[in-house]
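New notebook page. I want to get my bearings in a structure I have not looked at before, one residue, one sheet and one pocket at a time.

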Amino acid sequence: MKKSLLLVAGLLLLAGLYAYFGGFNKPQFEVVTIDSVTVTGYEFNGLLTQKEFGNLFKKTDSLIDHKHIDGKVVGVFYNQPQAKEDTVKAFVGVVANTKSIDELKKKTFGLGKVLQATIKARYMLLPVNIYPKIAEYTEANGIKTKPMSIEIYESDEVLKIWVPIVDGN
């Protein structure tokens, strides 16, 4: 009996923490037009689980924290890997509101019509929870998207994702 109560209490605690961190929050969707976005940052080609990938986000955060550049952290994903062992092609950087840094690459992405998904939740829960919801939304609404996506970390608790829509949608 005690084991059952402890198990139930543990599950309730986990559910409470998940809710507190925004795990049950639903994304808001809208179709918007974004002509282009310019990102200053680093290329990445490898596994999402590689330490290097996480380090690029840390380096980018550090640039902003130390006032070397002003802007928001961005992850541009050229493809959408389905499993941990799949290779991701990405560009991690900053949508810069001010200067750029010479030693970093600067890329401009032409977008056009995009599906914008915005969700409020803690950073660690954001990308994992939102992509299946984007897939559900596009399927339910007959929207065809390109494999690319751009994640804009508005804050530690708000993520905006732009997924370009295939022309003619």
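**Entry 1: a threonine to start from.** I picked threonine 60 and looked up its accessibility: 1% relative accessibility, and since buried means under 20%, threonine 60 counts as buried. I should jot down that this is a predicted model, so I am reading a prediction throughout.

Next I checked where threonine 60 sits, and found it in helix H2. What does threonine 60 touch, leaving out residues up to four places away in sequence? My list reads Tyr42, Val73, Val92, Gly93 and Val94.

**Entry 2: the strands.** Several of those neighbours made me look up the strands. How do the six strands of the closed barrel run? I wrote down the order S1-S3-S2-S5-S6-S4, with antiparallel pairing. The twist from one strand to the next averages 40°. A reminder to myself: strands of a sheet pair through backbone hydrogen bonds, and the pairing can be parallel or antiparallel.

Then I went through some of the pairs:

- S2 and S3 (residues 87-96) run antiparallel and are joined by seven bridges. I looked up valine 74 here, and its bridge partner in S3 is glycine 93. Glycine 93 was already on my page, as one of the contacts of threonine 60.
- S1 and S3 are antiparallel too, paired over eight bridges. Threonine 40 has valine 94 in S3 as its bridge partner, and Val94 is another residue that threonine 60 touches.
- S1 (residues 28-47) and S4 (residues 105-120) are joined by 13 bridges and run antiparallel. Valine 32 stands opposite valine 114 in S4.

**Entry 3: a pocket.** I turned to the second largest pocket and noted its space as about 240 Å³. Which residues lie nearest its centre? They are Asp61, Val73, Tyr153, Ser155 and Asp156, out of 13 lining residues. I recognised Val73 from the contact list of threonine 60.

Which elements supply at least two residues each to this lining? I found helix H2 (51-65) and strand S2 (71-77). H2 gives the largest share, five residues. I also sorted the lining by class: six charged residues, five nonpolar and two polar.

**Entry 4: tying it together.** Helix H2 turned up twice today: threonine 60 is found in it, and it supplies five residues of the pocket lining. Strand S2 came up twice as well, bridged to S3 in the barrel and contributing to the lining of the second largest pocket.

Technical notes: Residues numbered from 1 in each chain as written. Predicted model: local features only at pLDDT ≥ 70, side-chain atom pairs only at ≥ 80, totals over all residues. Heavy atoms only, no water. 1 Å grid on protein atoms, 1.4 Å probe; cavity = no way out; pocket = protein on both sides within 12 Å on 5 of 7 lines; lining within 4 Å. Points joined across faces, edges and corners; volume = space filled by probe spheres on them. Helix = DSSP H or I, 4+ residues; strand = E, 2+ residues; numbered from the N terminus. Nonpolar A, V, L, I, M, F, W, Y, C, P; charged D, E, K, R; others polar. Pairing = 2+ DSSP bridges. Axes fitted to C-alpha atoms, helices over the stretch in contact; angles between N-to-C directions. Buried < 20%, exposed > 50% of the residue type's maximum accessible area, 1.4 Å probe, protein only. Contact = heavy atoms within 4.5 Å.
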